[in-house]
Amino acid sequence: MSILIHTHDGGRFALEPKPGDTLARTIFLSRLWHGVPLCSGLGKCGLCRVRYVKDAPEPGRDELKKLGRDKLAQGWRLSCLHPSEPCEIELPAPVRSQRAVRSLGEGSGDFALAVDLGTTSIHWTALADGKPVATGRELNPQMGMGSEVMSRLAAASTAEGRFVLRALVADRIVELAGLASRNLGGNCVGLSVSGNPAMTYILLGMKPDGLATAPYELTYFGGDERRIGPGLPPAYIPPLLAPFVGADLSAGLTAIEFGNAPKYPFLLADLGTNGEFILALSPEKRLCASVPMGPALEGVGLSYGRTAGPGAITGFTLTPKGLDIRYFDDSNAERTGMTGTGYLSLAAILRAHGVLDETGRFAEGATPLAGKLAKQVSSEEGEPVFAINAEVRFPASDVEEILKVKAAFNLAVSALLKAAGIGPGGLGEIHLAGALGEHVSPADLETLGFLPPGCAARTVKAGNTSLRGTELFLTDPAARTFAESLSRGLTRVDLTGDADFGNQFIQRMRFSYVD
């Protein structure tokens, strides 16, 4: 028996069930959900919802919270929470993460392609005559196989999983090069791809055994050229610095330090699905650390989380009349989700006015304006929620996810400073890179305890340093030499290997910075 699928546009498909997989993964591998930012089994995003035509399985508690009793009675379920078994289902129109492409200048002929391969997103730049002419971003097509690093590594533990994951992203890079070739009228003559070690191993088809289980170790260190796909030149893979500090950080350091004069000591914090941190004490001495942060800051895995795109809430301003909502654009797109920056913006306002207490619980607030905000807190299915508008909520479970990310960030920063023997006041600069590195408010991060008190003023919104460094590798051979020297004088601070890691993490599960 098969999985019979009816799509929103009248299509009919029959898929073979795959024992051991979820129904969501089977549907994803059919390419019906290509470009949909699935949370991949967390039961949070609701984007994998399907309606069973008959014999709907028993729903779970997460489905009750996400879908409500009426939808459950109609046969709606979250397919990530049910096995890949014979059934007949209907799929609603998929909510895809839009691909964004922006022109940067005039150019034609042969070109080079710089790619920042993130766990959640892919960012790229095409360069003609050494100058950027176009750039873009899109969802990593591997998302349906796992929303964070360890689940992606688990999917890559088998030969079949590695083949599928590699093909998803390698094929897309080939397509991007083809798109640039058609628009520029030339060939791809240079390629560099930067990513964390897990994404790099998967791209190159390598077994990730050393990254999947402790003690974590690298068996490949980058700093060379590798073949990725047909019609592409060999790709330069920048150096991998530690088991979970990868080419994205060696590229990021190159963007900040190579040919520049940063204020030492400085901290580079790459805020992605995997948090990667480097404390540069001098041009010759650096400390590095990594900590799992999950995809929440990239708008994935939260109840109303969305990647940046039409209709998404990106931030808030508090006025005497209440919250003023900022959207990604003024389109008429359905406004049913928030980006990671939107979540942080709201949490910071609620925390600053006492509507969120230090432990992350909703409270009454201490001012008349805070009292107005507190009236937007209610309970839905037994869970406290802050109502933003008729469609979007900030539930207590999402507050907890933000607290987990904060705790991980805080732990990495405080551990590096302790290892270096300096306090927060000794930092010359803090460079925020990665998913939030261009749009997040440093003041919001300080309010929520990500950053030590007083550090917002010394914080630089560095943007996508990984992509900028990757561009340098294609235009200046000396940049590669610089990156390949970084491992000398680099000391790894192992956070998860510390026996007290769990206790230190719990201590930081509060909206205040903990040394």
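User: Happy to look at this predicted model with you. What makes the six strands an open sheet, and in which order do they run?

Analyst: Good place to start! The order is β22-β21-β13-β14-β15-β23, and the pairing is mixed. At the two edges sit β22 (459-463) and β23 (490-492), each of which pairs on one side only. From one strand to the next, the twist averages 20 degrees.

User: How do you know that β13 and β14 count as paired?

Analyst: Two strands pair if there are at least two bridges between them. Strand β13 (residues 266-271) and strand β14 (residues 274-280) share five bridges in the antiparallel sense, so they pass that cut-off. As an example, Phe 266 has Ala 280 in β14 as its bridge partner.

User: Which helices lie across the sheet strands β13 and β21?

Analyst: Helix α10 lies across β13, β14, β15 (286-292) and β21 (429-434), at about 155 degrees to β15. Helix α12 (residues 465-475) lies across β13, β21 and β22, at about 55 degrees to β22.

User: How do you know that the length of α10 agrees with its expected span?

Analyst: At 1.5 Å a residue, the 25 residues of α10 (residues 396-420) should span 36 Å. The end C-alpha atoms are 36 Å apart, so the two values agree. Just after α10, Gly 421 takes a positive phi of about 75 degrees.

User: Why is α10 called mostly covered?

Analyst: A residue is buried when its relative accessible area is under 20%. In α10, 18 of the 25 residues are buried, so "mostly covered" is a fair description of this helix.

Notes: Residues numbered from 1 in each chain as written. Predicted model: local features only at pLDDT ≥ 70, side-chain atom pairs only at ≥ 80, totals over all residues. Heavy atoms only, no water. Helix = DSSP H or I, 4+ residues; strand = E, 2+ residues; numbered from the N terminus. Expected span 1.5 Å × (residues − 1). Buried < 20%, exposed > 50% of the residue type's maximum accessible area, 1.4 Å probe, protein only. Axes fitted to C-alpha atoms, helices over the stretch in contact; angles between N-to-C directions. Contact = heavy atoms within 4.5 Å.
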